[in-house]
Amino acid sequence: MSKLRPEYTLEHLRERQKGTLPDLLGVHALELEHGALTAELTVRAELLAPNGFLHAATVIALADTACGYACLAHLPEKASNFTTIELKSNFLGTATEGTIRAVAKGAHLGRSTQVWDATVTDPHGKTIALFRCTQMVLY
């Protein structure tokens, strides 16, 4: 399992996201530990679909960002970056207000690929999405 790289602190990840989609959406990385990262996003009208429910892309963006930040922080020593090669999401519920949270956990942290799972919960802790992505490690 890859070690947590000390240069990828929460502060570094927050600085890195300025001016990007996670920043626009309001993603906030909260906790980073070995094998996991927690992030949240406050639901607002602009993030809803026309049907009034949370847009699926908003949920995916939160989960993918949490997994991506976690991957970055767990890259092997000589790796320089990563790119997503596959992602999948199952939706079990929704939210129309409050703050949703994603907890990303490493399922496989290899030298050439990493697989991350995220569980997204609503403000009451109910699971609204299960997410998995595969990352290709770049050297």
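This text walks through a predicted model, from its largest nonpolar core to helix 3 and then to R5.

Start with the core. The largest nonpolar core has 39 residues. Within it, L54, L62, I100, W116 and V120 touch the most other members. Several elements build this core: helix 1 (10–17), helix 3 (56–73), strand 2 (36–42), strand 4 (99–109), strand 5 (113–121) and strand 6 (127–138) each supply at least two residues. Helix 3 gives the most, with eleven residues.

Now take I100, one of the residues that touch the most other core members. Neighbours within four places in sequence are set aside here. I100 then contacts A39, E40, L41 and V43. Its other contacts are L54, L62, A95, V120, T121, D122, P123 and I128. Two of these partners, L54 and L62, are also among the residues with the most core contacts.

Helix 3 deserves its own look. This helix has 18 residues. From its first C-alpha to its last it reaches 26 Å, close to the 26 Å expected at 1.5 Å a residue. Of the 18 residues, 14 are buried, so helix 3 is largely enclosed by the rest of the structure. Buried here means under 20% relative accessible area.

Finally, turn to R5. This residue sits in the segment before helix 1. Is R5 buried or exposed? Its relative accessibility is 15%, so R5 counts as buried. The side chain of R5 reaches the backbone oxygen of P76 at 3.1 Å. Not counting residues up to four places away in sequence, R5 touches L72, A73, L75, P76, E77 and A79.

Key. Residues numbered from 1 in each chain as written. Predicted model: local features only at pLDDT ≥ 70, side-chain atom pairs only at ≥ 80, totals over all residues. Heavy atoms only, no water. Core = buried A, V, L, I, M, F, W, Y, C linked by side-chain atoms within 4.5 Å. Buried < 20%, exposed > 50% of the residue type's maximum accessible area, 1.4 Å probe, protein only. Helix = DSSP H or I, 4+ residues; strand = E, 2+ residues; numbered from the N terminus. Contact = heavy atoms within 4.5 Å. Expected span 1.5 Å × (residues − 1). Polar contact = N/O pair within 3.5 Å; in protein donor to acceptor, adjacent residues only side chain to side chain.
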